[in-house]
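Visitor: I have a model open and would like to talk it through with someone. Could you take my questions as they come?
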Amino acid sequence: MLSIDSLQRGRTFALKLAAALAFLAPLATRLVMGQAFYQTGSGKIENFANTVSFFSELGIPMPEANAFFVSRLEFWGGLLLLVGLATRLVAAGLASTMVVALATADRASFLDALRGTGDGGLTDVTPFVYLLLLGWLALAGPGAVSMDALLARWLDRRLRQPRVVAVEQAV
């Protein structure tokens with residue numbers, strides 16, 4: 001028979017283990033999203049004319065300028081997510097491109113999934129899943145294993161160091 005004390009010890013152990021492994025969720029999310037966006041950005045850059053044509057077909061205004069912006073955001077944003085630098089800003093920017101994707105290219109499948117009338121559910125609509133993951137990164141941050149965290153620790157140490165101020169003595 002389990003006692004209250006053993007349940008309490010088990011709970012404490014589980015919470016400590018979860019806290020020790022908490023770095024994994026944002027790290028894995030950043031790596032997967034970073035790699036995915038780096039690849040799609042690379043493809044859009046390599047096939048820029050096709051990207052512009054696709055954006056035109058979707059009715060996206062200024063298709064060439066938007067194709068340039070989105071392809072570079074995905075390429076460089078993917079790289080930044082991989083190392084965890086400017087994570088919240090990049091994730092928010094990429095999330096906004098997923099909103100556009102849901103409103104244009106994936107609109108029909110997204111609406112069908114929302115209504116429950118399509119062949120798949122919401123998790124089958126890739127931009128929706130990406131939007132959720134990017135939104136989580138934008139809100140929760142990059143995690144402890146990131147350049148953002150390293151930079152924050154470095155800045156925090158610099159701010160805590162006492163500053164030596166040279167005072168000129170009046171003669």
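Visitor: Is Tyr38 buried, partly exposed or exposed, and what is its relative accessible area?

Guide: Bearing in mind that this is a predicted model, Tyr38 has a relative accessible area of 31%, and it counts as partly exposed because that value lies between the 20% and 50% cut-offs.

Visitor: How many aromatic pairs are there?

Guide: The count comes to four aromatic pairs. In one of them, the ring centres of Tyr38 and Phe75 are 5.0 Å apart with their planes at 40°, so the pair is classed as tilted. Tyr38 belongs to helix H2 and Phe75 to helix H4, with their positions 37 residues apart in the chain, and the pair therefore links distant parts of it.

Visitor: And Phe75, buried or exposed?

Guide: Phe75 is buried, at a relative accessible area of 17%. Together with Tyr38 and Trp76, Phe75 forms one aromatic cluster.

Visitor: What about Phe110 and Phe128, how are their rings arranged?

Guide: The centres of those two rings are 5.7 Å apart and their planes meet at 35°, so Phe110 and Phe128 make a tilted pair. Because Phe110 lies in helix H6 and Phe128 in helix H7, the pair ties together parts that are 18 residues apart in sequence. Both Phe110 and Phe128 are buried.

Visitor: Staying with H7, which of its residues are buried, and what covers them?

Guide: The buried residues of H7 are Pro127, Phe128, Leu134 and Leu137, and what covers them includes helices H2, H4, H5 and H6.

Visitor: How does the end-to-end span of H7 compare with what its residue count should give?

Guide: Helix H7 has 15 residues, from 126 to 140, and at 1.5 Å a residue these should span 21 Å; the end C-alpha atoms are 21 Å apart, which agrees. Just after H7, Gly141 takes a positive phi of about 95°.

Visitor: Which residues make up the largest nonpolar core?

Guide: There are eleven: Met33, Phe37, Leu73, Leu81, Val90, Ala91, Leu94, Ala95, Met98, Leu134 and Leu137. Helices H2, H4, H5 and H7 each supply at least two residues of this core, and H5 gives the largest share, with five residues. As a general point, nonpolar side chains in soluble globular proteins tend to be buried together.

Visitor: Take Leu137, then: what is it in contact with, leaving aside neighbours within four places in sequence?

Guide: Leu137 is in contact with Pro26, Thr29, Arg30, Leu81, Thr87, Arg88 and Ala91. Of these, Leu81 and Ala91 are also listed in the largest nonpolar core.

Visitor: Changing topic, how much space lies in the largest pocket, and which residues lie nearest its centre?

Guide: The largest pocket holds about 420 Å³ of space. Its lining has 24 residues, of which Phe55, Val70, Glu74, Thr97 and Ala101 lie nearest the centre. The elements that give two or more residues to that lining are H2, H3, H4, H5 and H7, and the largest share, five residues, comes from H5.

Visitor: Last one: where is Val83, and what does it touch beyond four places in sequence?

Guide: Val83 is in helix H4 and, with neighbours up to four places away not counted, touches Arg30, Ser146 and Met147. At 43% relative accessibility, Val83 counts as partly exposed. Val83 and Phe37 are 46 residues apart in sequence, and their C-alpha atoms are 13 Å apart in space.

Conventions
Residues are numbered from 1 along each chain as its sequence is written. This is a predicted model: local features need pLDDT of at least 70, side-chain atom pairs count only at pLDDT 80 or more; totals for chains, interfaces and linings use all residues. Side-chain values use heavy atoms; hydrogens and water are left out. The expected span of a helix is 1.5 Å times one less than its number of residues. Buried means under 20% relative accessible area, exposed over 50%, partly exposed in between (1.4 Å probe, protein chains only). Contact means heavy atoms within 4.5 Å. Rings of Phe, Tyr and Trp (its six-membered ring) pair if their centres lie within 6.5 Å; planes under 30 degrees apart count as stacked, over 60 as edge-to-face and the rest as tilted. A nonpolar core is a set of buried Ala, Val, Leu, Ile, Met, Phe, Trp, Tyr and Cys residues joined through side-chain atoms within 4.5 Å. On a 1 Å grid over the protein atoms alone, a cavity is a set of points where a 1.4 Å probe fits but cannot get out, and a pocket is an open set with protein on both sides within 12 Å along at least five of seven lines; lining residues have an atom within 4 Å of a point. Grid points are joined across faces, edges and corners, and a volume is the space filled by probe spheres set on the points.
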